[in-house]
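Please work through the following exercises with the sequence and the model at hand. Each task is followed by a worked solution.

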Amino acid sequence: MTKTLVFTDMDGTLLDHHTYSFEAAKPALAALDKKNIPVIPTTSKTFAELQPLREDINLTGPFIIENGAAIFIPHGFFKQKPSGTVWVDGYWCKAFISSKNHWIKLLEKISGDFEGSYKQFSKMSIEDIQACTGLDEQSASLAAKRQFGEPVLWEGSDDNKQLFLDAITQRGAFPLEGGRFIHVSGNCDKGQALSWLAKEYQRQNGVAVQTVALGDGKNDIAMLEAADISIRILSPVNPPPDVKKEEVYTSTLNGPEGWTEMLTQLLSL
């Protein structure tokens with residue numbers, strides 16, 4: 001017996017890039033639920049942001065936040081306490097990196113060399129966050145509640161951006177470029193988190209696991225490369241991520257339309 005787990009990026013993948021709607025994904029979500037296939041949000045979003053979304057979409061299983069910084073597993077999803085986890089906010093939490101303050105202090109050390117080239121997420125007002133993400137006020141305030149990494153909105157030249165990436169990398173950060181932000185954090189990514197959760201599922205349930213991953217951005221590459229079935233979702237704003245893998249599927253439709261299109265085909269929903 002093989003158990004399928006679906007790991008999905010949120011913005012631009014399960015959620016429409018412009019409207020944040022998941023309406024077009026509802027047929028596939030219903031079919032996956034019927035087949036008892038867990039859908040695991042694997043996102044750059046925060047814990048606080050994901051809670052109302054999970055409720056809206058009716059996703060009750062584990063979820064991966066802040067580009068693989070941590071996995072939160074609801075009580076009862078596994079028979080036993082997952083290995084290496086601690087109890088946080090009603091979930092078993094597996095954290096892979098240091099908290100956000102560590103990365104904010106690192107950015108302070110180099111801020112003088114790149115003055116005026118970027119905006120730090122933690123220093124933005126709710127209005128600033130709304131302006132650069134298109135989120136409403138409530139959603140923007142939830143996005144501000146980061147626990148691990150520190151996103152940076154780059155406003156300088158491409159040449160200077162490379163110097164910035166080099167400078168923070170030399171100081172121990174692992175920068176990751178998402179759809180809108182450079183995420184400054186530690187050695188974590190969505191792929192590591194996917195692999196850890198798949199192994200834990202296999203260990204606890206004694207079944208082979210097949211992982212399916214869907215994403216549309218650079219920060220999804222590690223997840224797409226780690227999955228058994230890799231699906232790039234077409235984006236209206238970015239080219240498909242460059243995935244170093246022999247077999248990669250690409251949707252012909254954008255966002256949640258592409259999400260339903262590919263899962264319906266590949267999983268025979």
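**Exercise 1.** Determine which residues Phe174 is in contact with, leaving aside its neighbours within four places in sequence, and classify its exposure.

*Solution.* The model is a predicted one.
- Step 1: With those neighbours set aside, the contacts of Phe174 are His183, Ser185, Gly186 and Asn187.
- Step 2: Phe174 belongs to the loop that runs between helix H6 (158-170) and strand E9 (176-177).
- Step 3: Buried requires under 20% relative accessible area and exposed over 50%. The relative accessibility of Phe174 is 42%, so this residue counts as partly exposed.
- Step 4: Val207 is 33 residues from Phe174 along the chain, and their C-alpha atoms are separated by 33 Å.

**Exercise 2.** Compare the reach of helix H9 with its expected value, and establish what its buried residues pack against.

*Solution.*
- Step 1: H9 comprises residues 255-266, that is, 12 residues.
- Step 2: From first to last C-alpha, H9 reaches 16 Å, close to the 16 Å expected at 1.5 Å a residue.
- Step 3: The buried residues in H9 are Gly255, Pro256, Gly258, Trp259, Thr260, Glu261, Met262 and Leu263.
- Step 4: These buried residues pack against several elements, including helix H1 (26-34), strand E1 (2-8) and strand E13 (249-254).
- Step 5: Just after H9, Ser268 adopts a positive phi of about 50°.

**Exercise 3.** Tyr20 and Asp89 are to be examined: what is the phi of Tyr20, what is the phi of Asp89, and is each residue buried or exposed?

*Solution.*
- Step 1: Most residues other than glycine have a negative phi.
- Step 2: Tyr20, in the loop between E1 and H1, has a positive phi near 65°.
- Step 3: For Asp89, in the loop between strand E5 (86-88) and strand E6 (91-95), phi is also positive, near 50°.
- Step 4: Tyr20 counts as buried because its relative accessibility is 18%. Asp89 has a relative accessible area of 55% and is therefore exposed.

**Exercise 4.** Assess how compact the protein is and describe its charged side chains.

*Solution.*
- Step 1: The secondary structure comprises 9 helices and 13 strands.
- Step 2: The radius of gyration is 18 Å, close to the 18 Å from the globule rule for 269 residues, so the protein is as compact as a globular protein of that length.
- Step 3: Of the 269 residues, 53% count as buried.
- Step 4: There are 26 positive and 34 negative side chains, and the centres of these two sets lie 7 Å apart.

Definitions and conventions. Residues numbered from 1 in each chain as written. Predicted model: local features only at pLDDT ≥ 70, side-chain atom pairs only at ≥ 80, totals over all residues. Heavy atoms only, no water. Helix = DSSP H or I, 4+ residues; strand = E, 2+ residues; numbered from the N terminus. Buried < 20%, exposed > 50% of the residue type's maximum accessible area, 1.4 Å probe, protein only. Contact = heavy atoms within 4.5 Å. Expected span 1.5 Å × (residues − 1). Rg over C-alpha atoms; globule rule 2.2 N^0.38 Å. Lys, Arg positive; Asp, Glu negative; His and termini not counted. Charge placed at Lys NZ, Arg CZ, Asp CG, Glu CD.
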